[in-house]
Structure formats: C-alpha cells, structure tokens
Amino acid sequence: MKRSVTIAAALIALTALLFSGCGGAEQSSTADTVILLVRHGQTQGNIEQLMQGGRSDSPLTEEGKQTVAKLGAALANVHIDRAYSSELGRAKTTEQLIFDENKAGSVKMGEAMAAFNDIDWGNAEDRPRSEVEAEYGPLDEDTYFGSAEDPSFVTPTGGESKYQFCERFGKGIDEILSKDIGEKGGGTILLTAHSSAVFYLRQRFPEDSRVSGLENASLTVIRIHDGKWELLDESDTDYSAIPDKLKKWRLIS
C-alpha cells in the first residue's frame, strides 16, 4: 500500500512538472507589443531641400497631408493603445491626421517627447543642401554624423552625432515600453518621428538588409515578444497592401 501511494505521488509530481513546462510557460508569457513607427509626411522643407533637424520645422504640404491620410486609412482598423511623437509640428500633424482616419476606438491624443525629435544638424540646421555642401563638403552620412558605435565622434557642423541620437532615441523607446498595457503588458503603440529614426533601427537590427532609409509617410512595424524584437515591415508606402499585412500579423481581423 505504501509503495502504491509513493508511485501515485510521483506520477502527480511528474504530471505537474510536465504541465508547468507547457501550460505554465504560456501563462508567464507576455502579450506582444507592436510599434507602428511612422515618418512624418512631406514638408515644404523637404521640397526645398532644407536640412531639417531637431531645431527647425516646416509644415506639411497638401500632398504630404493627403499621403498621410492614405496611410491613416490603411491603419483605420488598428486599435492603437498608446501614441507618441516628437515635439516637432510636422510629426504631431502627421500623428493627428492618422488619428482622424482611425475607426477602431483608439486613443485620440499622443504624448510629444523630445527623445524622438529629429537629429540636430547644428550650424547646418534649416539651410539649403547646396549651401551646406559648399561649406562642409558632399552630404555623406558618416562624414556628417559618424558611427552609432563611436561616442567620440564630433560632427563638423557642431550638431548631434549618430551615437548621441541613438542614445536619446533608445532611452525614449525604453521609457515608452516600460508603460505596460493591460494585465500582461503589450499592446499597439503609434510612434511618429523622423527619417533619422533609421539610425536607431540599423543599430537595433544590424543584420537586416531592409533597413536603409525611411520615406515620408512610411510605416515600419516592430513586434516585441518576450524580449525578442522582430522587424515585420520597413518604410512601407504601399498603402493598398498594408491592410492584408496587418491581418497576417493579427493586428486587425
């Protein structure tokens, strides 16, 4: 009798162990966090080839507004739990135009954060490209901003280096990810920023050849599950195809 009780107890313990390794792992898993990273729409400064950075701004053109509205329509059925943007008007206007198209009961207002402002061009800020190149040489990314891995680089224009930009942008990302949504965290975040956000993306996804640059009014999608980051889409402006992709990623039904 004693032996049968011991065997039964061992079977119960083994069953509990098996279930804790299976169902238990699922229970401790966090919900996915999805970041919808949007670059602002076309601005007048873009047309005039001005060096727009973190200390200058330019309004969206009519074409820029219309294009952002198309992106907003592609995202119309996505429930957005939280939204953030840079403090610059071109980003905040873009964010609002996306909200205007949303039909999924999402948040209607975002939080502006300096962490997501465009990179600072220093003495080249808000000047025509031709004028800047005449003074500082051909517009080469590494010459002007250095490497994201080099904290000692000093920009020729007295602006912000890639390293400095990635440091502050990354801290901003960490801050917004620390604000859990719901019981298990997760949720969908809209982040409206600038072309310089690609510096952070390259640092985050160094092996992904898709990370080259961010077009105006483009969508980049990042999914985070249990600490693992996955780049689902990058600089997408094919608005007609975006809803099908969102269904595939289960962001809309």
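How are helices α3 and α4 oriented to each other? In this predicted model, helix α3 spans residues 62-74 and helix α4 spans residues 89-101. Their axes come within 8 Å and cross at roughly 45°. This angle falls outside the ranges that count as roughly parallel (under 35 degrees), roughly perpendicular (65 to 115) and roughly antiparallel (over 145), and α3 and α4 are therefore oblique to each other. The crossing of the two helices is right-handed. On the side of α3, the contact is made by K65, V68, A69, L71, G72 and A73, while α4 contributes T94, L97, I98 and E101. Of the residues in this contact, six are nonpolar, two are polar and two are charged.

A further local environment is that of T33, a residue of strand β1, which covers residues 33-39. The relative accessible area of T33 is 12%; because the limit for a buried residue is under 20%, T33 is classed as buried. When residues up to four places away in sequence are not counted, T33 touches L177, G186, G187, I189, I222, R223 and I224.

Confidence in the prediction was also examined. The chain has a mean pLDDT of 90, and 87% of its residues reach 70 or more. Over residues 1-28, however, the pLDDT is below 50, and this stretch has four contacts in the model beyond near neighbours in sequence. Where pLDDT is low, predicted coordinates should not be read in detail.

Note on methods. Residues numbered from 1 in each chain as written. Predicted model: local features only at pLDDT ≥ 70, side-chain atom pairs only at ≥ 80, totals over all residues. Heavy atoms only, no water. Axes fitted to C-alpha atoms, helices over the stretch in contact; angles between N-to-C directions. Helix = DSSP H or I, 4+ residues; strand = E, 2+ residues; numbered from the N terminus. Left-handed = near helix turned anticlockwise from the far one by under 90°. Contact = heavy atoms within 4.5 Å. Nonpolar A, V, L, I, M, F, W, Y, C, P; charged D, E, K, R; others polar. Buried < 20%, exposed > 50% of the residue type's maximum accessible area, 1.4 Å probe, protein only. pLDDT = per-residue confidence, 0-100.
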